[in-house]
Amino acid sequence: MQDSRLTSPERSSRRRRLIALLSSCGLGCAGLVGLFQPLPALAIPQQEAMKKLAVIPVFVLTDSKGIPLPLQRDKALVLPLFLDRGKAEQELAAFLKTNPTIKAGVLPMPMNVALERVQELNKSLKDRKLLSPVVPAPSDLSQARTLLGKQGLDQKAIQEGLSVPVFFTKPLITVKTPQGERGLFFFDYASLQKAMATIPDRNKLTIQAADLSAVMDQIVKQSKDTYAFYPTPEYFRLVQQQSRTQGAGPAGAPPAVAPRR
């Protein structure tokens, strides 16, 4: 992705406006388009459900002050939210190649915070709309497409409905938390496989996939809080980096999980 027109006075003025808005906007909630229509009645508040995404870091291109940098794509402004740091670094390299005078970097932030800030920004923008696609790892997207095909969805429905893949099992793998038992959803296929490896009767589990929007619909329609997202490997790496900086011991994964019957 490149942004070859941002150096003109008009683009610079628009960028300054966007940076100011991104710097000052507050928190709200955001929706994602996916395989199923949103449910009209929410048992769990949408904002509370969004907080579950706090253990899923996304990587965003920012300026030297840590303020996100939207990119020009034809007539749209785009702020990709990368689940894979490596993909974000590639995007940064392409950006710096066409904008060598701009000091930019990659900053991690919780997915819920990133989505909420983008929504607030769009409320402030009148002449333009900022798109903020969550960009998954290509391997996870490919794996989800294969699983959805096995689940009976045709390729057209998968192509139109799958944006951010989430993996889970039937019956659900669960983990015990201080708040009680929670059924787990995974953002990366490898983490789900590692969790299954700890379960003796894992051959009885069926791996499935869905779009994030469908998962969020499932979460908010429950009468009780019964689901959680398993932190991504990037989350554990960030926690370990912080622990080393503060002189604490390395952070580990949650306790062993078991299937929910």
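Setting aside neighbours within four places in sequence, Glu234 touches Pro57, Phe59, Leu83, Asp84 and Arg85. This residue belongs to helix α9, which covers residues 233-246. Because buried means under 20% relative accessible area, Glu234, at 10% relative accessibility, counts as buried. The model examined here is a predicted one, and the picture that follows moves from the whole chain to its core, its pocket and one peptide bond.

The chain contains 9 helices and 13 strands. Of its 261 residues, 47% are buried. Contacts that reach far along the sequence are well represented: of those between residues at least 6 apart, 74% join residues at least 24 apart. A handy example of sequence separation is the pair Leu53 and Pro231, which are 178 residues apart along the chain, with 8.8 Å between their C-alpha atoms.

The interior is a good place to look next. In soluble globular proteins, nonpolar side chains tend to be buried together. The largest nonpolar core in this model has 34 residues, and those with the most contacts inside it are Leu53, Met111, Phe187, Leu212 and Phe229. At least two residues of this core come from each of α2 (46-51), β1 (57-63), α4, β8 (165-170), α8 (212-220) and β12 (227-230). The most generous contributor is α8, with 6 residues. Another core, of 21 residues, lies apart from this one and includes Leu148, Ile158, Tyr189 and Ala228.

Two of the residues named for the largest core can be followed individually. Leu53 sits in the loop between α2 and β1, and its relative accessibility of 1% means that Leu53 counts as buried. Beyond its neighbours within four places in sequence, Leu53 is in contact with Met111, Asn112, Leu115, Phe187, Leu212 and Phe229. Met111, with the same kind of neighbours left aside, contacts Leu53, Ile56, Val58, Leu83, Val134, Phe187 and Leu212. Leu83 therefore appears in the contact list of Met111 and in that of Glu234, given that contact means heavy atoms within 4.5 Å.

Met111 also belongs to helix α4, whose geometry is easy to check. With 14 residues (111-124) at 1.5 Å a residue, α4 should span 20 Å, and the 20 Å between its end C-alpha atoms agrees with this. The helix is mostly covered, as 10 of its 14 residues are buried. These are Met111, Asn112, Val113, Ala114, Leu115, Glu116, Val118, Glu120, Leu121 and Asn122. Asn112 and Leu115, both in this buried set, are also among the contacts of Leu53.

Turning to the surface openings, the largest pocket has a volume of about 460 Å³. It is lined by 19 residues, of which Thr177, Gln179, Arg182, Ala228 and Phe229 are the closest to its centre. Two or more lining residues are given by each of α2, β9 (173-177), β10 (180-186) and β12, and β12 has the largest share, with 4 residues. By character, the lining comprises 11 nonpolar, 2 polar and 6 charged residues. Phe229 thus links two parts of the description, being named both for the largest core and for the pocket centre, as read from the definition of lining residues.

One backbone feature completes the survey. Most residues other than glycine have a negative phi, and most peptide bonds are trans. The bond from Lys170 to Pro171, however, is cis, with omega near -10°. Pro171 is located in the loop between β8 and β9.

Methods: Residues are numbered from 1 along each chain as its sequence is written. This is a predicted model: local features need pLDDT of at least 70, side-chain atom pairs count only at pLDDT 80 or more; totals for chains, interfaces and linings use all residues. Side-chain values use heavy atoms; hydrogens and water are left out. The expected span of a helix is 1.5 Å times one less than its number of residues. Buried means under 20% relative accessible area, exposed over 50%, partly exposed in between (1.4 Å probe, protein chains only). A nonpolar core is a set of buried Ala, Val, Leu, Ile, Met, Phe, Trp, Tyr and Cys residues joined through side-chain atoms within 4.5 Å. On a 1 Å grid over the protein atoms alone, a cavity is a set of points where a 1.4 Å probe fits but cannot get out, and a pocket is an open set with protein on both sides within 12 Å along at least five of seven lines; lining residues have an atom within 4 Å of a point. Grid points are joined across faces, edges and corners, and a volume is the space filled by probe spheres set on the points. Ala, Val, Leu, Ile, Met, Phe, Trp, Tyr, Cys and Pro count as nonpolar, Asp, Glu, Lys and Arg as charged, and the others, Gly among them, as polar.
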